[in-house]
Amino acid sequence: MTSTNRTSQAARRPFWAHARRKYFDLTTSCKAPIAEEALRRIGEFYDIEKAVRGEPPDVRKAAQQLSSIPRVEALRSWLDDSLKRLPQKSGTAEAIRYVLSRRKQLCSFLDDGSIEIDNNAAERAIQPLALGRKNWLFADRTKAANAPPRYCR
């Protein structure tokens with residue numbers, strides 16, 4: 001797989017941070033015990049990732065295979081059972097369906113030690129440029145309007 005192909009796949013791939021955000025939003029708006037439990041379980045994946053961050057890909061993959069796969073399977077089973085007990089149009093059911101329908105893509109980090117569990121670091125790195133782009137769009141002066149190209153070099 002080429003670097004460009006891997007990059008484009010990563011750009012289209014859902015990440016656990018996206019799934020986690022759906023459950024987090026539910027817990028901030030009301031009491032949501034299923035969402036809280038989902039957050040706790042997803043947090044276990046992040047704990048494992050934190051322990052192996054910076055290790056070579058083969059070491060990361062081995063740790064993920066040993067520790068994360070059983071937790072992912074337990075989460076899937078628990079989500080299936082939880083979904084059966086919820087109203088289908090509830091926010092929690094929608095969050096569960098999001099994870100279940102994207103399970104294969106979400107779990108791609110388990111098969112390749114070079115893939116991160118999420119893209120939060122990349123999103124944080126480009127955030128100033130993305131925010132600046134909107135601000136520079138309305139720049140009144142020619143000098144200010146040319147700032148983004150100089151900043152990006």
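The buried residues of helix α4 are covered by elements that include α2 (16-29), α3 (33-52) and α5 (91-101). The residues in question are Arg60, Ala63, Gln64, Ser68, Val72, Leu75, Trp78, Leu79, Ser82 and Leu83. This is a predicted model, and the description below follows α4 and its partners through it.

Helix α4 runs over residues 57-84, and at 1.5 Å a residue its 28 residues should span 40 Å. The C-alpha atoms at its ends are 37 Å apart, which agrees with that expectation. The helix has a kink of about 40 degrees at Ser68, shortly before the proline Pro70. Ser68 is also one of the buried residues of α4.

The setting of this helix is a protein with nine helices and zero strands. Along the sequence the pattern therefore reads α-α-α-α-α-α-α-α-α, where helices are taken as DSSP runs of at least four residues. Of the 153 residues, 32% count as buried. Among the contacts with a separation of 6 or more, 63% are between residues 24 or more positions apart. The accessible surface comes to about 10,000 Å², and carbon and sulfur atoms hold 55% of that area.

Helix α3 is among the elements that cover α4, and Asp47 belongs to α3. Is Asp47 buried or exposed? Its relative accessibility is 53%, so Asp47 counts as exposed, the cut-off for that class being over 50%. The C-alpha atom of Asp47 is separated by 9.8 Å from that of Ser68, and the two residues are 21 residues apart along the chain.

The next topic is charge pairing. Side chains of opposite charge can pair when their charged atoms come close. With a nitrogen-to-oxygen cut-off of 4 Å, the count in this model comes to 10 salt bridges. One of them joins Glu44 and Arg71, with the closest N and O atoms 3.3 Å apart. Because Glu44 lies in helix α3 and Arg71 in helix α4, this pair ties together parts that are 27 residues apart in sequence. Glu44 counts as partly exposed because its relative accessibility is 25%. Arg71, with a relative accessible area of 36%, is partly exposed. Both residues also belong to a network of salt bridges that links Glu37, Arg40, Arg41, Glu44 and Arg71.

Further along α4, what does Glu73 pair with? A salt bridge connects the side chains of Glu73 and Arg76, at 3.4 Å from N to O. These two residues both lie in helix α4, three residues apart, which is about one turn of the helix. Glu73 has a relative accessible area of 35% and is therefore partly exposed. Arg76, at 26% relative accessibility, likewise counts as partly exposed.

Glu73 also meets the side chain of Arg103 in a salt bridge, at 3.4 Å from N to O. This pair links distant parts of the chain, with Arg103 in helix α6 (residues 103-106) and Glu73 in helix α4, 30 residues apart. A relative accessible area of 33% makes Arg103 partly exposed. Helix α4 thus takes part in a salt bridge to α3 through Arg71 and in one to α6 through Glu73.

Methods. Residues are numbered from 1 along each chain as its sequence is written. This is a predicted model: local features need pLDDT of at least 70, side-chain atom pairs count only at pLDDT 80 or more; totals for chains, interfaces and linings use all residues. Side-chain values use heavy atoms; hydrogens and water are left out. The expected span of a helix is 1.5 Å times one less than its number of residues. The bend at a residue is the angle between axes fitted to the seven residues ending there and the seven starting there. Buried means under 20% relative accessible area, exposed over 50%, partly exposed in between (1.4 Å probe, protein chains only). Contact means heavy atoms within 4.5 Å. Accessible areas come from the Shrake-Rupley method with a 1.4 Å probe; for residues, only the protein chains shown count as cover.
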